[in-house]
Amino acid sequence: MSSRAPDRWWRSAAIYQIYPRSFADGNGDGVGDLAGIRAHLGFLADLGVDAVWVNPWYASPMADAGYDVADYRAIDPLFGTLPEAELLIRDAHDLGIRIIVDIVPNHCSDAHVWFKEALQAGPGAAVRELFWFRPGRGERGELPPNNWRSIFGGPAWTRTKNPDGLPGEWYLHLFAPGQPDLNWENPKVREDFEDVLRFWFDRGADGVRIDSAALLVKDPALADFDPADPPHPHPFADRDEVHEVYRSWRRIADSYPEPRALIGEVWLPEAPESFVRYLRSDELHTAFNFDFLGCPWTTPAFRKAIDDGIALHAPVGAPATWVLSNHDVIRHVTRYGRADTRFSLGYRQLGAPSDLALGTRRARAAVLLLLALPGSAYIYQGEELGLFEVEDIPRELRQDPMFHQTGGENLGRDGCRVPMPWSGEAPPFGFSPAGATAPPWLPQPAAWTAYTVARQQGEPGSMLELYRSALRLRRREPDLGDGPLRWLTAAADVLSFARGDAFACVVNLSRTEVALPPHRKIILASAPVTNGMLATDAAAWLRTA
Ligand code: GLC
């Protein structure tokens with residue numbers, strides 16, 4: 001069966017990630033919303049993407065930009081309403097675009113009804129079993145129950161007050177204090193999430209992106225551990241029991257006439273063999289490949305990430321995925337323009353100087369690499385405009401809990417979340433409608449006047465037109481998307497591979513221009529090719545037969 005068959009779309013899809021706060025503001029309050037997304041679906045259809053993944057749009061106090069969910073079945077009023085979400089899904093489908101919603105199962109919000117009830121009910125109440133409440137250590141319970149640290153910085157525990165106002169138990173939160181971890185040992189948690197999945201699948205969602213997918217299950221012993229030398233199994237990452245959860249989710253996904261896709265955010269950089277267990281045929285369909293995202297701009301690193309990625313997925317028959325940027329990482333135009341081009345979630349080099357012209361040239365080459373690799377590919381909103389990381393957001397305007405929980409030591413992720421520039425010469429660059437009552441929720445740099453959609457549209461040589469051409473061609477090329485890849489002999493520091501018998505992709509990471517291999521035609525190039533020579537930091541797609 002072709003990987004383009006409707007029930008296998010996720011094996012080849014080009015998926016566009018929408019960060020709803022920052023995509024487009026329909027009502028003028030300075031925050032993106034569903035009306036904004038609906039108004040720009042035509043842009044996405046023209047861009048040529050197959051699916052859209054929307055970051056959380058649920059009711060939320062926004063302690064972590066919506067990853068703190070108060071009600072998984074309601075849209076936050078900041079973004080719109082449930083009927084609008086239903087219309088959005090319908091409109092997208094009419095344009096041939098699939099919709100992936102973001103499910104956040106590891107934790108909810110402290111404003112979730114369960115958590116509010118748990119606080120009100122006090123210690124010993126059954127509803128507290130839906131979370132991880134524990135008495136503190138120390139004489140008066142004044143110390144956290146164990147030494148676990150929040151992924152955003154600071155302790156992973158917050159003390160509560162009892163209904164009588166006195167200090168009470170502590171609760172676990174691997175992320176912000178507003179994100180209490182759920183107890184996946186509890187059948188009620190499991191049943192409720194199964195119902196949430198059906199809720200969105202019944203409304204037409206074509207798949208779910210599963211947040212922090214490897215963290216759900218905790219060792220109930222909740223023992224101290226040394227994070228530099230964690231025990232096996234780890235007390236909260238990648239525990240065996242989590243796979244049962246995804247087996248039951250897969251049964252639900254498969255019960256629909258057009259099976260729904262399960263896409264995991266499985267972050268296990270040190271343990272590829274554990275990562276791939278999530279992709280066994282009765283679990284998730286795909287998971288993000290963060291190794292590729294973190295590659296420094298060198299041939300051996302990319303070659304290894306590509307080979308390892310393909311080899312890792314092969315035994316389970318799952319397609320590989322490829323991604324360069326998302327809402328948690330430094331935009332790749334900025335990364336690729338630095339002296340140190342590496343990235344990992346644990347290694348965020350912040351504020352290092354970046355040569356944006358260099359980063360942009362490399363980003364142009366990188367997207368031709370991304371879209372030629374076997375499997376599905378993700379595009380984070382704004383990368384099609386070549387947006388750079390905004391590093392000079394004033395501290396008082398920063399919103400990311402990562403910034404606040406590290407006392408500002410880590411600037412956090414706001415720099416890749418700045419609202420999109422659509423048109424015009426000054427902020428809000430068409431992000432908000434004329435007459436908006438509030439400025440964009442994060443300030444846009446003046447330099448974005450040269451990056452707007454309106455400026456780049458129809459402009460030969462613009463990043464937007466490169467993405468458009470590449471996506472359009474990728475759809476038409478029968479050998480792109482899912483399928484095998486064959487490396488071709490190439491000069492040092494050049495990546496060159498064939499897809500099928502008639503297509504090749506060549507990326508020049510060396511310091512000199514290189515001759516393209518024999519070809520009939522250049523289908524697309526990230527930089528002008530003269531006399532068959534491919535420039536440094538450029539890529540080309542070739543018709544070879
Ligand atoms: C994931 C999300 C990130 C969020 C975190 C907690 O890593 O991508 O944005 O802060 O989970 O939900």
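I began with two strands of this predicted model: S7 and S8 (residues 167-172) pair in the antiparallel sense, and four bridges join them. I then looked up a single bridge, and found that Lys161 has Pro167 in S8 as its partner.

Next I asked which sheet these strands belong to. It is an open sheet of three strands, in the order S6-S8-S7, with antiparallel pairing. Strand S6 (133-134) and strand S7 (157-161) are at the edges with a single partner strand each, so each has one side without a neighbour in the sheet. I noted the background as well: strands of a sheet pair through backbone hydrogen bonds, either parallel or antiparallel.

I turned to the domains. The assignment splits the protein chain into domain 1 (6-106 + 187-456), domain 2 (113-172) and domain 3 (482-543). I looked up the separation of domain 2 and domain 3, and their centres, taken over C-alpha atoms, are 57 Å apart.

Then I went to the ligand. How many residues surround the ligand? I found 14, and the closest are Asp64, His107, Asp211, His327 and Asp328. Sorted by class, this shell holds seven charged, four polar and three nonpolar residues.

I listed three side chains that have an N or O atom at a short listed distance from a ligand oxygen. For His327 the distance is 2.9 Å. For Arg209 it is 3.0 Å, and for Arg413 it is 3.0 Å. My last entry is on cover: on its own the ligand has 310 Å² of accessible area, and the protein covers 96% of it.

Technical notes
Residues are numbered from 1 along each chain as its sequence is written. This is a predicted model: local features need pLDDT of at least 70, side-chain atom pairs count only at pLDDT 80 or more; totals for chains, interfaces and linings use all residues. Side-chain values use heavy atoms; hydrogens and water are left out. Domain bounds come from an automatic or database domain assignment. Two strands pair if DSSP finds at least two bridges between them. Helices (H or I, at least four residues) and strands (E, at least two) are DSSP runs, numbered from the N terminus. A residue is near a molecule or strand if one of its heavy atoms lies within 4 Å of it. A polar contact is a pair of N or O atoms within 3.5 Å; within protein, one must be able to donate a hydrogen and the other to accept it, and residues adjacent in sequence count only if both atoms are side-chain atoms. Accessible areas come from the Shrake-Rupley method with a 1.4 Å probe; for residues, only the protein chains shown count as cover. Ala, Val, Leu, Ile, Met, Phe, Trp, Tyr, Cys and Pro count as nonpolar, Asp, Glu, Lys and Arg as charged, and the others, Gly among them, as polar.
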